[in-house]
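Q: Please take a close look at one part of this structure, the nonpolar core, and set it in the context of the chain around it.

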Amino acid sequence: MSATTARSWFSTAAGPNGPSGRRTGRDAPQKWGSPFTYFVALLFIGVCIAPVIYIVLGGFRTNSQITTSPAGLPHPWITANYVNVLKSTRFWGEFANSVLVALASTVGIVVLGLMVSFVIARYDFKLKGAMYSLFAAGLMFPMVIAITPLYIVIKDLGLVDNLLGVIVPQIAFGLPTTVIILVPFLRAIPNEIEEAAAIDGTSRLGFFVRMVIPLSLPGVVTVGILAFIGSWNNYVLPLYILNSQANFTLPLGVQAFSSQYSTDTAKVLAFTSLAMLPALVFFSIFEKRIVGGLTGAVKG
Amino acid sequence: MRLEIALLSGPAILMFLAFVIFPVALAAYYGFYRWHGYGAPTDWVGLNNYKLILTDPAFQQVLKHSFMIMGLSLIIQGPLAIILALLLNQKIRGRSVIRVLIFVPYIISEVIVGTGWSLMLQGDGAMNDLLRKIGLGSLQADWLSDPKLAIWTLMAIISWKYIGFAVILMLAGLQSIPEELFEAAQIDGASYWQIQRRITLPLLGPTIRIWAFLSIIGSLQLFDLVYIIWGQYVSGTAGTSTMAIYMLAQGRNAGNYGYGSAIAVVMFLVSLIVALIYQRFVLRRDLRGAVTEGTV
């Protein structure tokens, strides 16, 4: 496919429109790209969100509509599926569990991560490099590798089927990314600020509380959002740790619901789309930060 | 100052050691035992579990799948993401909306992606219905359970879910290239293609290499999507099971915790070796040993 696309590009998008942010006055802000670009962009977006739309619309249909025409549109539109899910204590219980786990994990990751990143970024001591390497190496250990022994550790602590049994390991596994993102951030705070604070009689800890936390807020927000979404979507750990439905988080809930009501597709789709909604809303609010944070981390 | 360091770094380090490093070490330890998960492991079998893995045809199968997923992810997503990023990097209307929308699959959880896709791809699901409706009825297939097809279905779903991430990274990489370079090249009479080949691609190199690294590690450790769509038994017959799936099947489900742990260790070693090779030969220029040497 590349050959044909390439040629049509060449003719339509002659010249590197690339990252040229500023352009000479006349044609700057109102410039529309070539129709071809829009066509490809629309096609790509369509592919990206069609399954999401299928899930959302499916919730507005009845099972017989879905059976007779699986790829059709709702006709007529039914709200009963959504209403039923929204009225069920099951959905809201799992929702509350997810919120609780995600908030607690996020706070833990941000607080502990910020503290240790501050040490790595701004103190001079022998083990500093080793400390950084330790966390960097942690990127190589995804949860799935350690899941069996992790389960045993949690069991020995008596935290099986307890939300804490999910929160605590999530904090530990969230630390590497946090450290990797925050350390460069904290190093970038000019020394002059620290010196000025020292001259004014502020201790280094005081500097941390009064200056570092406010100054690193953008980085902290990025890390926090990543932690929140990571927790919201986590599947493996709750799968091992949580047994009773009352403790399920939404990912487990969706899976349990879809196997329990495997014949009631419309209901499953309604439940699924309501479960995905919070992450989507959260993401659209913080989109700039998430994207900026990810790319900042990669550029290092 | 020592106290400050200890106070500030202590909690994170303890937490990390207790819930990341310790379990990983424990997995390595269990790997030397025949153990069914009750009481402390006592039946020391040395390297037998590892010898078994080397000759286990089922493991060779899942290893092959994992490497296939790794290679195909790079081949499919890489070029596609670069092309899309180049295209979307032009000044067009609604760029920020586009960026949000292509990132949506990446944000949605694996469980929801898995549930949605498996409903759509069932024999009497929306995909086949859609193909019928647009006159491509001959293309209808058993997307999930045909062993010849299932791994490609998986690749399609993986690409769908993760390509937005790749595109966003590439876009950021493109934006960090100074535009003066393009202007200079244009003045010198370089064609669009020359500019892409001689300037954009080389300067996008670091981004591409980091993305590939993340993609490789993610592919080798793939679990959620396969487990949710196929489950451990069906993924075996459909030919989509990965190392992580096999590990879980042996450990948690068959009760061979020793063997399962050994598989986890092998999985880690495979990722580590691939990562080190990659770092040594590909990433070296970008990281300058940031990970291996531990210099901050």
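A: What follows describes the core, then the chain that holds most of the detail, then the contact between chains.

This is a predicted model, in which local features need pLDDT of at least 70 and side-chain atom pairs count only at pLDDT 80 or more, while totals for chains, interfaces and linings use all residues. Residues are numbered from 1 along each chain as its sequence is written, and chains are lettered from A and ligands numbered from 1 in the order in which they are written.

The largest nonpolar core has 164 residues. A nonpolar core here is a set of buried Ala, Val, Leu, Ile, Met, Phe, Trp, Tyr and Cys residues joined through C-beta atoms within 7 Å. Buried means that 20 or more other C-beta atoms lie within 10 Å of the residue's own (exposed: 12 or fewer; partly exposed: in between), with C-beta atoms placed from the backbone. B:Val167 and B:Ile263 have the most contacts inside this core. Its main contributor is helix α7 of chain B (residues 150-175), with 14 residues. Leaving out residues up to four places away in sequence, B:Ile263 touches B:Ile53, B:Phe59, B:Met243, B:Tyr246, B:Met247 and B:Gln250; contact requires C-beta atoms, placed from the backbone, within 7 Å.

Chain B has 12 helices and 2 strands, in the order α-β-β-α-α-α-α-α-α-α-α-α-α-α. Helices (H or I, at least four residues) and strands (E, at least two) are DSSP runs, numbered from the N terminus. Of the 296 residues of chain B, 45% are buried. Its C-alpha trace spans about 75 × 70 × 35 Å along the principal axes. Among chain B contacts between residues at least 6 apart in sequence, 66% join residues at least 24 apart.

Helix α4 of chain B (residues 95-107) has 13 residues and reaches 19 Å from first to last C-alpha, close to the 18 Å expected at 1.5 Å a residue; the expected span is 1.5 Å times one less than the number of residues. Buried residues in this helix include B:Ile98, B:Phe103 and B:Tyr106.

The contact between the chains takes 89 residues from chain B and 90 residues from chain A. On the chain B side, helix α1 (residues 2-30) gives the most, with 17 residues. By class, that side has 58 nonpolar, 20 polar and 11 charged residues. Ala, Val, Leu, Ile, Met, Phe, Trp, Tyr, Cys and Pro count as nonpolar, Asp, Glu, Lys and Arg as charged, and the others, Gly among them, as polar.

Notes: Contact = placed C-beta atoms within 7 Å.
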